[in-house]
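Colleague: Thanks for sharing the model. Could you walk me through the terms you use for it, and how each one is justified?

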Amino acid sequence: MYDYIPESEDKDLKKVGLELMFMTPEKGAADNWVTAVELAKMVDLPLETVKKKLVILRDSGIVSVKGINPKYWKFDNYNFQRMDEDDEVFKLLCSFDDVDFDRYFSY
């Protein structure tokens, strides 16, 4: 019924998705748009891995892309709010048990 995603890929997808979800202008992104290269540095993952995860998020409808070279990526909160609660990507991004929010916010 659903495609199996290995545990290691789950963590990478979650890392990329949450980084985009909590993207702020203070992190250097212009109007919350960020390139895959910048994002790869932020999440400390190989560029090819980040690109694959961005395609998964785009195909899920929760990440927008503009431009050609370079491509700029942005989290689409409107579409995320309207996702099916049973969607695997939605459940992954809403699972906050192992998330360190200090990474995304300064208190």
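Modeller: Gladly. Let me begin with the salt bridge: a side-chain nitrogen of Lys or Arg within 4 Å of a carboxyl oxygen of Asp or Glu. Please keep in mind that this is a predicted model.

Colleague: What makes E48 and K51 a salt bridge?

Modeller: The closest N and O atoms of E48 and K51 are 3.9 Å apart, and the cut-off is within 4 Å, so the pair counts as a salt bridge. As for their placing, E48 and K51 are three residues apart in helix α3, which means about one helical turn separates them.

Colleague: And how many salt bridges are there by this rule?

Modeller: The count is three. Another one joins D59 and R58, with 3.2 Å from N to O. E88 and K91 also form one, their closest N and O atoms being 3.5 Å apart. Both E88 and K91 belong to helix α5 (residues 88-93), three residues apart, or about one turn of the helix.

Colleague: Why is D59 called exposed?

Modeller: Exposed means over 50% relative accessible area. D59 has 57%, so D59 is exposed.

Colleague: Why is its partner R58 called partly exposed?

Modeller: Partly exposed lies between the buried limit, under 20%, and the exposed limit, over 50%. R58 has a relative accessible area of 31%, and therefore R58 is partly exposed. The same label goes to K51 at 38%, to E88 at 34% and to K91 at 41%.

Colleague: What about V55: how do you know that its label is right?

Modeller: V55 has a relative accessible area of 33%. That value falls between 20% and 50%, so V55 is partly exposed. V55 sits in helix α3 (residues 47-59). V55 and V65 are ten residues apart in sequence, with 9.7 Å between their C-alpha atoms.

Colleague: And what makes N69 exposed?

Modeller: N69 has a relative accessible area of 75%, which is over 50%, so N69 is exposed. N69 lies in the loop between β2 (63-66) and β3. N69 and T35 are 34 residues apart in sequence and 9.6 Å apart in space, C-alpha to C-alpha.

Colleague: Let's turn inward. Why is the largest nonpolar core called a core?

Modeller: A nonpolar core is a set of buried nonpolar residues joined through side-chain atoms within 4.5 Å, and buried means under 20% relative accessible area. The largest such set has 28 residues, and V16, L20, L57, I62 and L93 have the most contacts inside it. At least two residues each come from α1, α2 (36-43), α3, β3 (72-75) and α5. The largest share, five residues, is supplied by α1.

Colleague: Which residues does I62 contact, leaving aside its neighbours within four places in sequence?

Modeller: Contact means heavy atoms within 4.5 Å. The partners of I62 include L57, F75, F80, M83, V89 and L93, and also K74, D76 and N79.

Colleague: Finally, the largest pocket. What is its volume, and which residues lie nearest its centre?

Modeller: Its volume is about 270 Å³. The pocket is lined by 13 residues, with K11, K14, K15, D98 and V99 nearest its centre. Helix α1 (residues 7-21) provides the largest share of the lining, six residues.

Colleague: How does the lining divide into nonpolar, polar and charged residues?

Modeller: The lining has four nonpolar residues, one polar residue and eight charged residues. Asp, Glu, Lys and Arg count as charged, so K11, K14, K15 and D98 belong to that class.

Definitions and conventions
Residues numbered from 1 in each chain as written. Predicted model: local features only at pLDDT ≥ 70, side-chain atom pairs only at ≥ 80, totals over all residues. Heavy atoms only, no water. 1 Å grid on protein atoms, 1.4 Å probe; cavity = no way out; pocket = protein on both sides within 12 Å on 5 of 7 lines; lining within 4 Å. Points joined across faces, edges and corners; volume = space filled by probe spheres on them. Helix = DSSP H or I, 4+ residues; strand = E, 2+ residues; numbered from the N terminus. Buried < 20%, exposed > 50% of the residue type's maximum accessible area, 1.4 Å probe, protein only.
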